[in-house]
Amino acid sequence: MRVLAKIVLVIAGILLIALGAAAIFGIINIRQPFPETDGEVALQGLQEPVDIYRDEFGIPHIFAKNQHDLFYAQGYVHAQDRFWQMEFWRHIGQGRISEIVGETSVEDDKFIRTLGWNRMADDTVDFYEEEVPEFYAMLEAYSEGVNAYINENRADLSLNYDILGLVSDPWEIEPWTPINTISWGVVMSDVLSRDMFDEIDRARLIDELGEATVASLFPFYPYDSRPVIAASDDLVNDLPESASLIEPLSHLDWSRVNTDIIGESLPAGFLPAYGPFVGSNNWVVAGELTDTGMPLLANDPHLEMQMPSIWYEVGLHAPGWNVTGFSFAGVPGVIVGHNDQIAWGVTNTGVDVQDVFIEKVNPSNTRQYEFEGEWRDMEVLEEVIKVNGGEDVILEVRSTHHGPIINEVVDGLSDVLAVQWSAQEPSRVLQSVAMLNQAQDYDDFREALRYWDVPSQNFVYADMAGSIAYQTPGLVPVRKDGNGLVPVPGWTGEYEWTGWIPYEELPALFNPDSGYIVTANNAIVDQEYPNLLALYWDNGDRSQRIVDLLERAIESGDVSADDIAEIQFDSYSYLADSYVPLLIGLSSDNAQVQAALERMRGWDLQERQDSVPAAIFEIFLMNLAHEILDDDIGQENVSDYGQALTVFLHELAGEPKATWWDNGETAAKESPEDIMLLALGEAVDWFEDEAGGDMNNWTWGSIHTATFRSLPLGRSGIGPVEAIVNRGPFPSDGGRGIINALSWDWNEPATVNWHPSMRMIVDTSDLDASQSVIPTGQSGHPFNQHYDDMIPLWLNGEYHPMLFSEEAVISAAEDHLLLMPAQ
């Protein structure tokens, strides 16, 4: 990074100073931003005293006497531990990253401003202030608490700020406002709702390879071999008659369209990534099947790795509030967790809430577009991107009635692409969170989710009365025509959105006969369900494995919390289950390849960090996809889309006569055995180049490593700086399509980029017996004892107590901070 590169000069200068003095100064400077967690602090704006107890991991439980002070204190506590994360996140949400890091992030900001995250947040804040002021009051109280911390610690907010301040122009630490909170909700909605890229990629592939080839490579969900979350027979909904949903993919002429999306390159990497592994696991087991006679609920959402963790654990206790779990720093309330009556967990639904429309632009006036035979004026606005150390960048944003135009017209290409997205409506998610935190039973739970607009999530539920349930919430569009798979003509009016699927028709379960509910981004419903939610889901491997393990535990006796923990850390590969039986029947004249085959024999198919066969198999699989498909679709396409081919690869393993096995670029006719031996040989060559000739060193953990990176300094490329703020690399279990989902990209084998962002097990028989963990620690201050103290637990599938009762919280407290109203 251009700005951060100057840090090298700063570090070089510091090294010339007397080392002893520098070390003393460094220790003092590093510790200055550490928060005060014990004692007493007087704060303006607080109405009554507030007690904050922190346990050995720095997890705070806030006990307040009124709602205002509860959220004031939560804002204060979030800022104490995570202000730098909050500061950077609000710049992401508003498309203002360049104000901190300079010109490197201008493309990021262009993307954000074009899509309109900042404008969506403005609309939502206006909605809360005008329509539901009681929830806006939560935002205001929370902001007051954040600002109280900023005002009393302005000179010592973060080491990250201090380092950046050495080499870049200072930027103003602005007061926290409700829009900063709402902005992060928009960011998360984007991370979990980016169908527009899938549509464009799918259309490009159809144009290049043909509709039949793309349909073969990306088959729909394997309903015959993988579970659905909510089978039609189990739904509690009253539904309209079934309709046919799957239509042929539409072939489109892309000769008139520039498909380069504004800001899509994202070279700085500051925006949350997305890919085919945006996923999570959750499940709930009824008391009739558990050892306590009460429900057990588990959750582990999968998100991009970062430092500190995306989640912050907290307990909130006040009249009308008694809830604990996982929050976002910058947002009031608890997003995932439990109160004294109900528990809930989430995974991403993957429902299709974005459509790309091809718009015809008036050749005589580029600010007009065609709709139903008439020229309409676009909405045009100017966004000003301020750049640290540089000149302002002026960005013109044009929008049709469908949404913002996300590409630019270039010479000879006259059509543009506009995106319609459910998040363009004001979001009521904060209202839903507040109602969920206070819900007392299933009816309250379901009513709370009526307001959960976007991103749509799979909610599993358990309560202290012994019931379990499931609900899909969200604004899911009803399309006049089309299925959302590829961009559609915007000028005809044939593909307009006509409304939202009624909440009463969104899938819901209550105490199903099976006694358990499992979601892992698999298909929500079967093909009998009448409304279009989506046509593509995750491949179903994780959900099938969870179901298999639960069934095994049930057959062995009552399901326990230990069983749940073991399932959450399971690293069994179903792709290995498909291919290892084929491999162990082969033999090779190459001694190393034969040795690799021998390693496969007896492997339990668990991808553990000390496993040699796990490592060999994963690199074999990567090469196998190339050997099968490079001649058919091109090496670059395999690299880009190969990891989304799981269903195809499963099917191909059982089709030895499929033409895909033959390499069309050779005269010979290759068999599956030929191709698999070739791919295994390439895997052996890869390891010999990367790790040497001793196969004992080819462990999964030697290449499958997790590094927690802080933004922006953790991606500066400057070793000494990254060493301060990052942690890792750590050898890691798990992998792609596995319950313990530590995913990686074939372009960078096998560095982990997505991970279980937390793990939680709620025991409704004794809430104090519940367990949880986040990957890093509560603190966002490098070198604080709670910056990285949960990493060993997370890496090893362990947990800490998820305390809840006041007695348990106070008994375990290591720090007690009393917030007092200033006189």
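Contact here means heavy atoms within 4.5 Å. This is a predicted model, in which local features need pLDDT of at least 70, side-chain atom pairs count only at pLDDT 80 or more, and totals for chains, interfaces and linings use all residues. Residues are numbered from 1 along each chain as its sequence is written, and side-chain values use heavy atoms, with hydrogens and water left out.

**Stop 1: A121**

Select A121 and show what surrounds it. Leaving aside residues up to four places away in sequence, A121 touches Q94, I179, I182, S183 and V186. A121 belongs to helix α6; helices (H or I, at least four residues) and strands (E, at least two) are DSSP runs, numbered from the N terminus. Because its relative accessibility is 0%, A121 counts as buried. Buried means under 20% relative accessible area, exposed over 50%, and partly exposed in between, with a 1.4 Å probe and protein chains only. Now add F459: from C-alpha to C-alpha it is 24 Å from A121 in space, and the two are 338 residues apart in sequence.

**Stop 2: the whole chain**

Zoom out and colour by secondary structure. The protein chain has 25 helices and 30 strands. Its C-alpha atoms fill a box of roughly 85 × 70 × 70 Å along the principal axes. The radius of gyration of the protein chain is 27 Å, which agrees with the value near 28 Å for a compact globule of 823 residues. That radius is taken over C-alpha atoms, and the globule rule is 2.2 Å times the number of residues to the power 0.38. Of the 823 residues, 62% count as buried. Among contacts with a separation of 6 or more, 74% join residues 24 or more positions apart.

**Stop 3: the nonpolar cores**

In soluble globular proteins, nonpolar side chains tend to be buried together. A nonpolar core is a set of buried Ala, Val, Leu, Ile, Met, Phe, Trp, Tyr and Cys residues joined through side-chain atoms within 4.5 Å. Which residues touch the most other members of the largest nonpolar core? Select W311, L533 and L819, which do so in a core of 185 residues. Helix α3 (residues 67-93) gives this core its largest share, 13 residues.

Centre on L819. Apart from residues up to four places away in sequence, L819 touches V41, L43, L46, E48, P49, V50, I52, A73 and Y76. Then move to a second, separate core of 64 residues, which includes L605, M622, V638 and I675.

Stay on L605 and check the backbone. L605 is not a glycine, yet its phi is positive, about 70 degrees. L605 is in the loop between α17 (591-600) and α18 (612-633), and it counts as buried because its relative accessibility is 9%.

**Stop 4: the largest cavity**

Rolling a probe the size of a water molecule over the atoms shows where empty space is left. On a 1 Å grid over the protein atoms alone, a cavity is a set of points where a 1.4 Å probe fits but cannot get out, and lining residues have an atom within 4 Å of a point. Points are joined across faces, edges and corners, and a volume is the space filled by probe spheres set on them.

How many cavities of 30 Å³ or more does the structure hold? There are 13 of them, and the largest cavity has about 500 Å³ of space. Select G185, M188, F328, V429 and P455, which are the closest to its centre of the 34 residues that line it. Helix α9 supplies the largest share of the lining, seven residues. Elements that each supply at least two lining residues include α6 (117-131), β4 (279-285) and α12 (429-438). By class, the lining has 22 nonpolar, 11 polar and one charged residues. Ala, Val, Leu, Ile, Met, Phe, Trp, Tyr, Cys and Pro count as nonpolar, Asp, Glu, Lys and Arg as charged, and the others, Gly among them, as polar.

**Stop 5: S280**

Select S280, in strand β4. Is S280 buried or exposed? S280 counts as buried because its relative accessibility is 4%. Beyond residues up to four places away in sequence, its contacts include D300, H302, T347, N521 and R542.

**Stop 6: backbone checks**

Step through these residues in turn.

- G728 to P729: this peptide bond is cis, with omega near 5 degrees. P729 is in strand β24 (residues 727-731).
- P749 to A750: this peptide bond is cis, with omega near -15 degrees. A750 is in the loop between β25 (743-744) and β26 (752-756).
- N511: phi is near 45 degrees, a positive value in a residue other than glycine. N511 is in the loop between β21 (508-510) and β22 (516-519), and at 34% relative accessibility it counts as partly exposed.

Key. On a 1 Å grid over the protein atoms alone, a cavity is a set of points where a 1.4 Å probe fits but cannot get out, and a pocket is an open set with protein on both sides within 12 Å along at least five of seven lines; lining residues have an atom within 4 Å of a point.
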